[in-house]
Amino acid sequence: MQKRVFDGSIDYIQIMDEEGNIDSSLMPKDISDELILKMYRNMALARAFDAKALSLQRQGRIVTYAPLLGQEATQIGSGMAMRDSDFFVPNFRQHALYLIKGLPIENMFISLRGFEDGAKAPQGFRGFPVAVPVGSQVPHAVGLAYALKYKKTGSAVVSYVGDGGTSEGDFSEGINFAGVWKVPLVMIIENNQWAISIPRKNQTAAVTLAQKAFAAGLEGLQVDGNDVIAVYKTIRDAINLAAQNEPQVIECVTYRLGLHTTSDDPNKYRSPEETKEWERRDPMVRVRKYLTKKGLWNEETEQKMADEYRELIDTGVAKAEAFKPDPKSMFEHIYSFMPETLKQEEDDAAASNYWQQ
Ligand SMILES: Cc1ncc(C[n+]2csc(CCOP(=O)(O)OP(=O)(O)O)c2C)c(N)n1
Ligand SMILES: [Mg+2]
């Protein structure tokens with residue numbers, strides 16, 4: 001006897017194409033032009049922040065930075081789909097989430113100056129700090145989701161992992177646990193086609209990354225990650241399912257238009273033609289085309305917004321640069337108690353008036 005015991009397939013969703021045309025059969029009725037305008041403005045804020053950070057790094061005013069250029073729709077669409085009660089657990093590239101979820105801009109620049117004080121979030125902020133070890137955030141996200149379920153909060157967790165991150169054990173172990181324990185988790189795979197210099201095709205022979213969900217007993221879906229409306233709808237639906245303890249894996253197909261980090265030079269490993277093709281699919285251009293066609297956007301509104309954001313960001317930078325950390329803080333928050341050797345170091349440093357240098 002032989003019978004089929006499992007069938008799986010992955011759908012791909014796009015709602016707004018590169019020309020700004022909407023597929024009305026998929027467009028949710030409650031997505032208003034006002035909301036689309038807000039999505040555009042948020043993506044523009046993320047892009048303006050990104051450009052400023054890159055420029056500051058080149059001037060030696062902040063540490064290494066991982067640009068998000070090209071990935072605005074994935075981050076803003078998913079961030080805006082979250083309910084106030086939901087949490088996000090990022091890796092190291094989702095700066096846009098912090099921007100729209102209420103971490104003051106100066107905090108972001110304080111972190112980027114290398115001071116942990118920037119990670120001190122306002123009361124009620126529902127985002128985790130940056131996770132640099134690739135994939136390590138996934139078990140954290142699943143654990144948080146498990147706790148939220150255990151406490152019957154009704155909240156969900158939206159977490160992010162890169163295409164490269166899906167090759168890590170942490171990813172497989174995490175989503176496997178999510179499936180077994182049916183936790184309220186939306187796992188976003190932010191597939192930007194590259195893991196530093198390693199292309200997506202070298203991560204796995206699988207046709208999609210979304211289908212990795214099947215091995216964990218989860219549902220998987222692929223979405224045009226450069227289409228902010230499709231991302232918004234897909235993640236909102238996924239959150240609703242996750243909140244009913246049906247964890248979801250969503251692959252957002254996007255592209256890193258810029259550098260992996262400021263220590264990287266992509267010209268060494270990828271062709272300008274490839275980048276050019278993805279520039280055509282720029283997540284902001286299509287929304288601007290849509291809004292312009294509708295008479296909701298023009299040169300003047302674009303300029304006004306740019307001026308407004310420049311001021312907002314420059315003020316954040318000025319506050320961050322005026323920030324003086326307490327050097328003592330480097331001895332805190334590492335151990336639950338102060339080991340004798342560390343205490344000795346702190347005393348020596350204080351006695352030598354090291355702080356005033
Ligand atoms: C465990 C671990 N291995 C290697 C690295 C070095 N590293 C930093 S980012 C990165 C690539 C990550 O690629 P991906 O998951 O696709 O995310 P992306 O950077 O493209 O957003 C690597 C290998 C690391 N930080 N952690
Ligand atoms: Mg990647």
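A residue counts as exposed if 12 or fewer other C-beta atoms lie within 10 Å of its own, and as buried if there are 20 or more. Keep that in mind for the views below, which all come from a predicted model.

**Figure 1. Gly-8, an exposed residue ahead of strand S1****.** Start with the segment before strand S1 (12-13), where you'll find Gly-8. Gly-8 has 11 other C-beta atoms within 10 Å, so it is exposed. It still has company from further along the chain: setting aside its neighbours within four places in sequence, Gly-8 is in contact with Gln-211 and Phe-214. Look for Gly-220 here too, since its C-alpha atom and that of Gly-8 are separated by 9.1 Å, although the two residues are 212 residues apart along the chain.

**Figure 2. Helix H5 from end to end****.** This view takes in residues 137-150, the 14 residues of helix H5. At 1.5 Å a residue, H5 should span 20 Å, and its end C-alpha atoms are indeed 20 Å apart, so the two values agree. After the helix comes Lys-152, which has a positive phi, near 55°.

**Figure 3. The buried residues of H5****.** Which residues of H5 are buried? They are Gln-137, Val-138, Ala-141, Val-142, Leu-144, Ala-145, Leu-148 and Lys-149. These residues cover an arc of only 160° around the axis, so they sit on the same side of H5. And what do they pack against? Two of the partners are strands S2 (87-89) and S3 (157-162); helix H6 (169-181) and strand S4 (185-191) join them.

**Figure 4. The residues around ligand 1****.** Here you're looking at ligand 1 with 14 residues around it. Those that come nearest are Val-134, Gly-162, Gly-164, Gly-165 and Ala-195. By type, the shell is a mix: six of its residues are nonpolar, five are polar and three are charged.

**Figure 5. Stepping back to the chain as a whole****.** After the close-ups, here's the setting: the chain has 12 helices and eight strands. Its radius of gyration is 22 Å, close to the 21 Å that the globule rule gives for 357 residues, so the chain is as compact as a globular protein of that length. Along the principal axes, the C-alpha atoms fill a box of roughly 75 × 60 × 45 Å. Of the 357 residues, 40% are buried. If you take the contacts with a separation of 6 or more, 78% of them join residues 24 or more positions apart.

Notes
Residues are numbered from 1 along each chain as its sequence is written. Chains are lettered from A and ligands numbered from 1 in the order in which they are written. This is a predicted model: local features need pLDDT of at least 70, side-chain atom pairs count only at pLDDT 80 or more; totals for chains, interfaces and linings use all residues. Helices (H or I, at least four residues) and strands (E, at least two) are DSSP runs, numbered from the N terminus. The expected span of a helix is 1.5 Å times one less than its number of residues. The arc is that of the directions from the helix axis to the C-beta atoms. Two residues are in contact if their C-beta atoms, placed from the backbone, lie within 7 Å. The radius of gyration is taken over C-alpha atoms; the globule rule is 2.2 Å times the number of residues to the power 0.38. A residue is near a molecule or strand if its C-beta atom, placed from the backbone, lies within 6 Å of it. Ala, Val, Leu, Ile, Met, Phe, Trp, Tyr, Cys and Pro count as nonpolar, Asp, Glu, Lys and Arg as charged, and the others, Gly among them, as polar.
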